[in-house]
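New notebook page, new structure. I want to get my bearings before anything else.

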Amino acid sequence: MRLKKYFLIPIFLVSIIVNYSQGFICAVGGGSEDYNDWSDEPYGWIVEKADSGKIVVLSYSSSTWYPGYFTWLGASECVNIIIDSRAVAELQSTYDSIVSAKGVFIVGGDQFKYVSYWKDTKTEDAVGQVFSNGGVIAGTSAGAMVLSEFVFTAQNGSAMSKQSLLNPLNNRIQLDNDFLKLTPDAIFDTHYIERGRFGRLIAFVFNAYSNYMRSILGVGIDDKTAVCIDDNGIGTVHGAGAVTFIHIDENTNVENNSNGYMLENLACDKLVEGWKYDFINREVYEVPPSASALDTTRTWELTLTDLLLTGSDNLQTNINSSLPLWLNGSDLSSLLIITDP
């Protein structure tokens, strides 16, 4: 069955508008943060959208670095709250500590612990209340992966791209669409390029299409990169890498039968620092002034380095032919040769 885009809009558009009109989301792809580094801009955005008020850092183990960083960026207060069981997640004191904040930051780790510890508890209610009050909910790595409506729970362990593409319905891919549900019709994946997760994000999108009859937006966030989504559903990319957006649209050919499946012509946008994406209409919203158009009339371009790659299995052939040619044309003041014996 082919799901048309016009079929999705009347069913889900109202839900999207209601959710995005409340709070703010910042999803970070993982990687180390530091003072006066790439993280200052997106994490500063978190503090700004929290009105420089109280931020709580949620985790299931100690995370002592973030409070100092957020207060350095301007938060009036930042405290750690460790929620390492459902019992703690159900405490009224836990609820009170979270709901009094203007911002919530969820650290990385194992997203299944967040789902299994927090789902249907006062902690989940409190995070949702902060969002409903116009606050900002943010997270990095596993903490970012629980910010989308659809969550890859990792209940049965991680999922590798190769196995996920071979069978997007395998038991490693367990999706939950009833936890927090802060970013409608989307699924976040982090450490996207660093860990080669582009294949499994495609599998996530197909899995939701097959099991839920939903064309969701797959959002792959590189490490040291963030997408900050405002209350109108406009996401801005910050950081050193890129954010990839993929989804099934009216041009996508989908086949799924006993012989296997096929996805052809997936919609895809890959955006870097300063670009903005419309999560509601699923399109590029704003191109930064620094961007330049691709010159499609050029068919080749000289490389900026003296680099030679060879795929021959015969090392002796490479030494006798390619290597001398390369050395004669290279700057020998700085030279690195890597070989496989």
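These are my notes on the cores, one loop glycine and a sheet.

Reminder to self: this is a predicted model.

Entry one, the cores. I looked up the largest nonpolar core and found 62 residues in it. Which members touch the most others? They are Ile 46, Phe 70 and Ile 98. I also checked which element gives the most to this core: strand 1, residues 24-28, with five residues. A second core of 20 residues lies apart from that one, and I jotted down Tyr 192, Ala 203, Ala 208 and Tyr 209 as being among its members.

Then I went back to Phe 70. Skipping neighbours within four places in sequence, I listed its contacts: Tyr 43, Ile 46, Val 47, Ile 55, Val 57, Ala 75, Cys 78 and Phe 105.

Entry two, the glycine. I found Gly 233 in the loop that runs between strand 10 (225-229) and strand 11 (234-239). Is Gly 233 buried or exposed? Its relative accessibility is 0%, so I put it down as buried. I also noted that its C-alpha is 8.6 Å from that of Thr 183, though the two are 50 residues apart along the chain.

Entry three, the sheet. I traced an open sheet of six strands with mixed pairing, in the order 7-6-8-9-12-15. Strand 7 (175-176) and strand 15 (267-271) are at the edges with a single partner strand each, so each has one side without a neighbour in the sheet. Strand 7 runs antiparallel to strand 6 (residues 148-152), and two bridges join them. One thing I looked up there: Phe 152 has Leu 175 in strand 7 as its bridge partner.

Last, helix 10 (residues 198-212) packs on this sheet, touching strands including strand 8 (183-190), and its direction makes about 150° with that of strand 8.

Definitions and conventions. Residues numbered from 1 in each chain as written. Predicted model: local features only at pLDDT ≥ 70, side-chain atom pairs only at ≥ 80, totals over all residues. Heavy atoms only, no water. Core = buried A, V, L, I, M, F, W, Y, C linked by side-chain atoms within 4.5 Å. Buried < 20%, exposed > 50% of the residue type's maximum accessible area, 1.4 Å probe, protein only. Helix = DSSP H or I, 4+ residues; strand = E, 2+ residues; numbered from the N terminus. Contact = heavy atoms within 4.5 Å. Pairing = 2+ DSSP bridges. Axes fitted to C-alpha atoms, helices over the stretch in contact; angles between N-to-C directions.
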